[in-house]
Each structure stands twice: as C-alpha cells, then as structure tokens.
Amino acid sequence: MTKCLLRVALLAASVAASPWEGLTEAQCDGQGLFQTSARGRSKSGRSPTSSPLDKRVYVNTMRWIWDLLDAREACRYDGYGVDLISHGFWEQDCPEHPDVKIRFNNHANQTFLPALRADTASSGGFKGVMTLRDPLEMVISSYCYHHRGAEPKNPISVGMVELGPKEGVPEMAKRMAPIIRDMFEVFQVAKPEVYVSHFERMTGSSSGFNQTVKEILDFLFGDEVSDHFKRRALDAAAHEDLNRGEDGFSFSFHSEADNQVNHTSDDQELNEARSYLSLVDQELLEELLHFQKALGYPPTAVK
C-alpha cells in the first residue's frame, strides 16, 4: 500500500499530562510498564516511575504502542497522515502546536531529520524508525494499487484507473520518483537515531514481522520498559501483520470507497506491470536502479 511506503511519525521529549499521573509506583509496576531490575530501583527498593515518553523524541513508531501507553495528544505536519493515537486529540497541525509530543510527518525529506536532531539536542534527542522498500517494486505496487481505484482523492492516483500498464507504469514512475528520492535521502541521514526496517521483511512472513517489531521495541526503549510490556506491544502490533489476515489500523480508511478496494496485489497483476518497466524514461530508470543498488536490493532485470 502506498501509504505504508514511507511513514515518519514523531514523538517529542515529554508528555504534557503523563498517563501515569495519579498512579502509585506499585500500580505502575502492576501494569508491567517499567523495568524493575535491581539496577533501576532506588535505595528504598521502589521502582522508578518515569515514563519512556519523558526521555526523548520518537520517530515513525506504532499506534499500538501509544495506545498501550494511553497517549492522548498528537499532531501531524501539513495536516496529512494516519492517526497516531486512538483517543484524544490528533488532528492538530504540528507547527501550530509545538508542545504536542506525538507527531506525524507524511512527507519527510532530507532536511527533516537534521532539523529534528538540532531541535532535540538539548532535550534528550530522539529515536525512531523508517521503512525501506525496493524502489522499482514501489512503482509497480503503486500502479497496481491505484489502478484498482484505491485512494481516488490522492493526487498520485489521478487517471490511473483508466491507464493500462503500458502507459500507467511509466507515468507512475514519474509520480513516485519524488517519494522514492525522499526515502533514499532520509535513509542517508537516518543513523544512528533511526532504526531502518524493510517492508519485504515485515510483510514476507509472520516471523519476519515479529522479529522486526521486537527489534523496534528494543531499539526505542531498551530496558526502560519491562519485558512484559514488550510482549503486550508485540501481541497488539500483530494485528497489522498481513500474513495473519486481520484488519488492523493499516486497513482503516477515512473513505468508505477506499474500504471497498482490494488493497493486496496478486502475482499475475504485479508481473504484468513489471514487464513494462522498460518503458520508463531511461534516465529515471537508471536513477531508480541506482537507488535500488545503494539500498542493498538485488537488481531488477528490466527487459
């Protein structure tokens, strides 16, 4: 799905109203939120009750995590993007609400992370996640997806229903090129704060999905949350696993028309579209093949 290709969400350093406010330390421990190792206990033997949300910024994270942490406020840059929380306020524009901590940027480019790095340097920095996908497969998948009529209000889909693969694949390559360039450029400046996941691994099997989510949780939180919480987060996130056949948040759309569209392409459809990659503008095709190689993907044989 096009909306899954590059999603950057951001959580700033602390929450305005902590979801643990009013709970005793024993109650917090009982919910399995905090790591309670001897190293983390005070001299009194009580566990620390600081939330991981108080420590740093988090980029491109999962809605299920914030729901488990009962986050109640979020915002989005330029008004676009998916919901990051299930309760509270999330439609706010981030530049107009600089104190909102959970944020989403649906159009991140090479300037976003360096700016975020500078903005958070004095407040705990940030950690996050981005997703890579084979650039040529992004073109093919996006064509098939929008050719079926998905997201008709998305500018990238205009006219795609009427275009067969001979005309549609080269045209989609042009439309997807800025998105793919942004993905590549964000990847170049992502480390060390950003965990890089791969679409193919997450969608290829349930084991690949589970392992990726485990690595994300470890990367984001380390030993700041308990193993019990990580297990709960993994169990919750599993609703998004394509191989389990469940309709998680990723399958929810604001338009009923979108909900009627099959969002998964079959092999025959994809293979037919791939056969027209040779018609993509030669200079653009070479650029996409360069991105493919630089990102570590095997080269596509374009005939």
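This passage walks through a few side-chain and helix contacts in a predicted model.

A good place to begin is with the aromatic rings. A pair of aromatic rings is described by the distance of the centres and the angle of the planes. In this model, the count comes to two aromatic pairs. One of them is formed by tyrosine 195 and phenylalanine 219, whose centres lie 6.0 Å apart. With 55° between the planes, this pair is tilted, because an angle has to be over 60 degrees to count as edge-to-face and under 30 to count as stacked. The two rings come from distant parts of the chain, 24 residues apart. Tyrosine 195 belongs to strand 7 (residues 194-198), while phenylalanine 219 belongs to helix 7 (residues 206-221).

The two partners also differ in how they are classed for accessibility. Tyrosine 195 has a relative accessibility of 12% and so counts as buried, the limit for that class being under 20%. Phenylalanine 219, at 24%, is partly exposed. The ring of phenylalanine 219 has a further neighbour: the charged end of lysine 127 sits over it, 5.8 Å from the ring centre.

Helix 8 (residues 227-237) comes next, beginning with leucine 234. This leucine counts as buried, because its relative accessibility is 14%, under the 20% limit. Leaving out residues up to four places away in sequence, leucine 234 touches Asn210, Val213, Lys214 and Leu217. Glutamine 211 is 23 residues from leucine 234 in sequence, and their C-alpha atoms are 9.5 Å apart in space.

Lysine 230 is placed in helix 8 as well. Its relative accessible area is 13%, so lysine 230 is buried. Beyond its neighbours within four places in sequence, lysine 230 is in contact with Leu217, Asp218, Gly222 and Val225. Leu217 thus appears in the contacts of leucine 234 and in those of lysine 230.

Turning to a contact between helices, helix 4 (residues 135-147) meets helix 11 (residues 282-294), with axes that come within 7 Å and cross at roughly 120°. That angle makes helix 4 oblique to helix 11, because the roughly perpendicular range runs from 65 to 115 degrees and roughly antiparallel begins over 145. On the helix 4 side, the contact is made by Pro135, Leu136 and Val139. Helix 11 contributes Leu285, Leu288, Leu289, Phe291 and Gln292. Of the residues in this contact, seven are nonpolar, one is polar and none is charged.

Definitions and conventions: Residues numbered from 1 in each chain as written. Predicted model: local features only at pLDDT ≥ 70, side-chain atom pairs only at ≥ 80, totals over all residues. Heavy atoms only, no water. Phe/Tyr/Trp six-rings, centres within 6.5 Å; stacked < 30°, edge-to-face > 60°. Helix = DSSP H or I, 4+ residues; strand = E, 2+ residues; numbered from the N terminus. Buried < 20%, exposed > 50% of the residue type's maximum accessible area, 1.4 Å probe, protein only. Lys NZ or Arg CZ within 6 Å of the ring centre and 35° of its normal. Axes fitted to C-alpha atoms, helices over the stretch in contact; angles between N-to-C directions. Parallel < 35°, antiparallel > 145°, perpendicular 65-115°, else oblique. Contact = heavy atoms within 4.5 Å. Nonpolar A, V, L, I, M, F, W, Y, C, P; charged D, E, K, R; others polar.
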